[in-house]
Amino acid sequence: MGWLDSIADGASAAWNATTDAASSAASAASDAGSWIADTAVDAYHAGVDLSHTASGYIKRGEEAVTDGVHWIEDEVDHGAHGLASRVADVPVLGTLAEGAADAVTFATQFEGGVVGGATSLLGGVANAVVHPIDTVRGLETMAEHVPGPLGQSLRFGHGLIDMATGDASFGDVMDRSFNPLTEAKEDTKYWGNVGSALLSPYKKSFQEGRYGEIAGRGAFDIGLLLSGVGEAEAAGTAGKVGEVAEASRIAETADVARAIDTADAARVAETADGARVAETADGLRPAESGITDGASGHAGGGAFVDSIDPAAEAAYDGIRANPGDVAKVAENTKLPPEVIQRIKDHLFNNEHTLTTVEGEAAAQSRFVAIQDYADLWKSAEGGTLSAEQTEQLMNLMTHENVEARLAESGLNILEPVDPVAGMRPFRAQGAHDLASIAERNFDPRLFDRIPPEVRSQYLRTMVEGTMDVRGTFSPEALKSMPPEVQEMAAQIARERAAMPVRPPGGTP
Amino acid sequence: MRFEDVVTRLHAVRWGSAAEWNPEALAWLLAYYQRLAPVWPPDRPRLSPTDRVIEDAALATLTDEDRARIAAEAEALWTAARERGERVEAATRKLVTFVLAWARAADAGTLDVADDPSAPLLDLFAAGFQVNYTTAGIELHYATGWNTAPVPARASFA
């Protein structure tokens, strides 16, 4: 494994050099830090009312500062490489000198990027503050495509996660992280696709070969955005309710995102049973992607919507072909036939638009078939449910009915897969997550995770859908629910009690 | 005896009580799948965590007496959980049955402890996580939420 050790040592040294450069830049910028933050925060507030005229002045100011920064960077670059060129023909020393010159240039450009970030954020910071995590995640992806040690280190870290989630083999990770041809190909493709206004300064830096500047600009932007979240929350008291709710939601999401990011993956390696984790990682050499399209015949989406169990699929086919089961299930469960029909359509019959990986196309597909669900349905039809099955069926019916009603009202069913973590994070805002919370009697620990704007829009549907299946909540069940759920349940119960009794058959 | 130890460990579990997400939970799930290799049919690219082929393999060597004992222990676990106000997911209940079956098999000498798929599951449960298998994927539940993993591919462990 000597060659691996060499690569690891090289990567480690490169990473240390990069972080040293970052520390240097951070130190240089620290005195100006407060000013920069204040200025950016002011810019956030001012940006809302910014006139085109003011934008023009700011743009011109940005360009002037950027031009100055580039002049300094170029001088350093020429100077460093000029010195290196004097020993270019000396074996070993020439290579080392060129590498050192690259590092000097990189560090200077990094600092230049910090200044450049401060100037160009004036116009775009408002949007970035409202969508900080998307931006931070985007910046991480971008940083992976910075040619040189920074990009290599980040790609390697990302690759380790892909390995852990079964989405890449060890060979793939090494190739993508350290093969210069693969690196160049992927970097060129990435930067060719960059089109947003927010990222255009980075693209320009890439095109001009100022790779360190990309890293520095990114470091500044991330730091500023993190402080910007708090400012956005404070601004909520001044009336920016919608924006703050979104920022707050994203900040909350960040907890999940952070928990499954590279740093925590590294912590797993430190804290978990070494042999077991090593054993697990060793077993993860997928020839087949875990989150890309499979060969199941389902449209796109891969593992999250793929067929898993042929026997379960066959059982679902049988349920779909059975027109008489709705009446029997309704009779045996004492639930209204229209509710049973809705559940059957949602769970077994209908295709849904199912999100797959964030940023990739959704799949149009039925739900994956689950044998336990088919078994519960058949037992309900046959009237042979055990006590445990009855409890499970009521949970399933509640979930599917709430989810169907939320989907009918336009809510996405599933959260997209976080491409870095390789998992669907819990955000408590898709129909599936909300239905799961309803199914769990609105457990306050889960209910509190629902973003306020989602709660205000969909709480009634959640409670109504639950009561369709479970009827009026018992006082004991109500006691454990959050007050606003209790109030909503009481209101719905009053409304339903006031409605004329519907005759059998569902005709009003 | 392994069975008694496992029962003791399971009684100490507080189901889904982990205060926050821990990526180690995913590592335990993957370690469980890795140990399923001997029973994973080549013609099944993916297996649900409680697939019937796993169940059949786990229960294959059990006597009627074993099955009755396992059912009784499981019922005692769920009764205790209910009394504590804990909800135990359906997939977790099934996995616990497998865990008890593998412990019985280990005691009977028909399963090498080193190949026992239950070891990572016991760690997962003891850390306050539980498994739920839904249309979204394999959910790893903790006290305030869950994250959902894709159903692992057999090729990942070849």
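**Close-up 1. The kink in helix H20 of chain A.** In this predicted model, H20(A) bends by about 55 degrees, with the kink centred on Tyr458(A). The helix covers residues 452–470. At 1.5 Å a residue its 19 residues should span 27 Å, and the 25 Å between its end C-alpha atoms agrees with this. Just after H20(A) comes Gly471(A), which has a positive phi of about 75 degrees.

**Close-up 2. Buried residues of H20(A) and the helices they pack against.** Tyr458(A), on which the kink is centred, is one of the buried residues of H20(A). The other buried residues of this helix are Val454(A), Leu459(A), Met462(A), Val463(A), Gly465(A), Thr466(A), Met467(A), Asp468(A) and Val469(A). Four helices of chain A receive the packing of these buried residues: H15 (337–349), H17 (387–408), H18 (431–439) and H22 (483–498).

**Close-up 3. The two faces of helix H1 of chain B.** H1(B) comprises residues 2–11, of which Phe3(B), Val6(B), Val7(B) and Leu10(B) are buried. These residues lie on the same side of H1(B), because they cover an arc of only 100 degrees around the axis. An α-helix has 3.6 residues a turn, so residues three or four places apart point the same way. Glu4(B) and Thr8(B) are exposed and sit on the face of H1(B) turned away from its buried side.

**Close-up 4. Packing of the buried side of H1(B).** Which helices of chain B do the buried residues of H1(B) pack against? They pack against H4 (64–83), H5 (90–108) and H6 (118–126). Phe3(B) and Leu10(B) are among the buried residues of H1(B).

**Close-up 5. Strand E2 of chain B and its pairing with E1(B).** E2(B) consists of residues 137–142 and is mostly covered, with 6 of its 6 residues buried. Strand E1(B), residues 130–134, runs antiparallel to E2(B) and is joined to it by 5 bridges. Within this pair, Thr134(B) is opposite Gly137(B) of E2(B). The connection from E1(B) to E2(B) is a hairpin through 2 residues.

**Close-up 6. Pairing of E2(B) with E3(B).** Strand E3(B), residues 145–149, is antiparallel to E2(B), and 5 bridges link the two. Leu140(B) stands opposite Asn147(B), a residue of E3(B). A hairpin with 2 residues between the strands is formed by E2(B) and E3(B). E2(B) is thus joined by bridges to E1(B) and to E3(B).

Key:
Residues numbered from 1 in each chain as written. Chains lettered and ligands numbered in written order. Predicted model: local features only at pLDDT ≥ 70, side-chain atom pairs only at ≥ 80, totals over all residues. Expected span 1.5 Å × (residues − 1). Bend = angle between axes of the 7 residues up to and from the residue. Buried ≥ 20, exposed ≤ 12 C-beta atoms within 10 Å, placed from the backbone. Contact = placed C-beta atoms within 7 Å. Arc of directions from axis to C-beta. Pairing = 2+ DSSP bridges.
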